[in-house]
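Student: Could you walk me through this fold, one piece at a time? I have the sequence and the coordinates open.

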Amino acid sequence: PIDLINVAFEQIPKSSISKAKHGGKKASATPSADAAPGDARTTSTYDVPDRKTALSGIHELDQRRLWRFIEVNVTKAELEQWRTDRVCHLVAPCSSILDDSIGSAIWFAARGRGRLLRPVITADGHQDMVEICHDYVSPAKVVLVGMGADEQLAGYSRHRQKFLHHGWQGLLNEVFMDISRISHRNLGRDDRVISDHGREARFPFLDESVMTFLNSLAIQDKADLRLDRGLGEKLLLRNVARSLGLSKASGLPK
């Protein structure tokens, strides 16, 4: 079995923010004490784009393998507590807002605790998710991290901007810069954050053989930013996904 972990941070409904600004009673978006993780009363506040695409994409995976989807919902109070108590120390000396954001997401993912779901096909042929456990903790010892895919395959919006203003050479220079600094900018931070839970980080896209192969290709074979968003970035990876039957996932912006 493989545990697929998806983290979502609590979103405050705009109606609640609007009421608070105008002196009205603010409706709390924080789950009540008696609401179980994943309860229908709490799900909407975690219904973020990454959660939607993850739930949609899991049904494209080969169902001969056992996939376990862990829905990690993090309240604002919990985020603030662990960000202050643990994450800020683990990401140091990195201190940017981006480091804090990525570090927090990875820390909660590596903790591996949340609502356990499993994809199923219903009797009438529809795709659905079945809850197996409200409070599940992954027993996995290894965490696979996708770091390196965007850097090597021009997956960031700034890559598109470089291409638009400086052409192929500008894009190539930006990708080279990303690859050259990834070890000191990202890997130490991510390794410390994941190790805090007694798990080991693995980076498949940074495997020596993978990087050697990608470096042997022309930039045009890896990305074509003349195409629209969701098509040109990480073009090589999208083509591989399509060849494996992941047609919906291959067309997602990220």
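**Sheet, helices and core**

Tutor: Let's start inside the sheet: isoleucine 70 has leucine 116 of β3 as its bridge partner. Bear in mind that this is a predicted model.

Student: Okay, so how do β2 and β3 run, parallel or antiparallel?
Tutor: Strands of a sheet pair through backbone hydrogen bonds, and that can happen either way round. Here β2 and β3, the latter covering residues 113-121, are joined by three bridges. Their sense is antiparallel.

Student: How many bridges link β3 and β4?
Tutor: These two form a hairpin with five residues between the strands, where glycine 125 takes a positive phi near 90°. Across the pair, arginine 118 sits opposite valine 130 of β4. The pairing is antiparallel, and the number of bridges is eight.

Student: Which strands stand at the edges of the sheet?
Tutor: The sheet is open, with four strands in the order β1-β2-β3-β4 and mixed pairing. An edge strand has a single partner, so one of its sides is left without a neighbour in the sheet. The strands in that position are β1 (2-9) and β4 (127-137).

Student: By how much are neighbouring strands turned against each other on average?
Tutor: Take the neighbours along the order β1-β2-β3-β4. With direction ignored, the average turn between neighbouring strands of this sheet is 30°.

Student: What angle does α5 make with β1?
Tutor: Helix α5 packs on the sheet and touches β1, β2, β3 and β4. Its direction and that of β1 make an angle of about 140°.

Student: And α5 against α7: at what angle do the axes cross?
Tutor: On the α5 side, the residues in contact include Ile102, Ile106 and Trp107, and they meet α7 residues, among them Arg189 and Ile194. The crossing is right-handed. The two axes come within 9 Å, and the crossing angle is roughly 35°.

Student: How many charged residues are in that contact of α5 with α7?
Tutor: Asp99 in α5 is one of them, and on α7 there are Arg185, Arg189 and Asp190. By class, the contact has six nonpolar residues and one polar, and the charged count is four.

Student: Moving to the largest nonpolar core, which residues touch the most other members?
Tutor: This core has 25 residues. β2 (67-74), α4 (76-91), α5 (97-111) and α7 (157-195) each supply at least two of them, and α5 gives the most, with five. The residues touching the most other members are Phe108 and Ile194.

Student: Which residues does phenylalanine 108 touch?
Tutor: Leave out anything up to four places away in sequence. What remains for phenylalanine 108 is Val7, Phe9, Val72, Val74, Glu78, Leu79 and Trp82.

Student: How many residues does the second core have?
Tutor: It is separate from the largest one, and its members include Phe163, Leu171, Val175 and Ala223. Its total is seven.

Student: Last residue: why does lysine 76 count as partly exposed?
Tutor: Lysine 76 belongs to helix α4, and it touches Glu10 and Ile12. Isoleucine 12 is 64 residues away from it in sequence, yet 9.1 Å away C-alpha to C-alpha. Buried would need under 20% relative accessible area and exposed over 50%, so lysine 76 lands in between because its value is 43%.

Student: Zooming out, what share of the residues is buried?
Tutor: The protein has eleven helices and six strands. Of its 254 residues, the buried share is 38%.

Terms used
Residues numbered from 1 in each chain as written. Predicted model: local features only at pLDDT ≥ 70, side-chain atom pairs only at ≥ 80, totals over all residues. Heavy atoms only, no water. Core = buried A, V, L, I, M, F, W, Y, C linked by side-chain atoms within 4.5 Å. Buried < 20%, exposed > 50% of the residue type's maximum accessible area, 1.4 Å probe, protein only. Contact = heavy atoms within 4.5 Å. Pairing = 2+ DSSP bridges. Axes fitted to C-alpha atoms, helices over the stretch in contact; angles between N-to-C directions. Left-handed = near helix turned anticlockwise from the far one by under 90°. Nonpolar A, V, L, I, M, F, W, Y, C, P; charged D, E, K, R; others polar.
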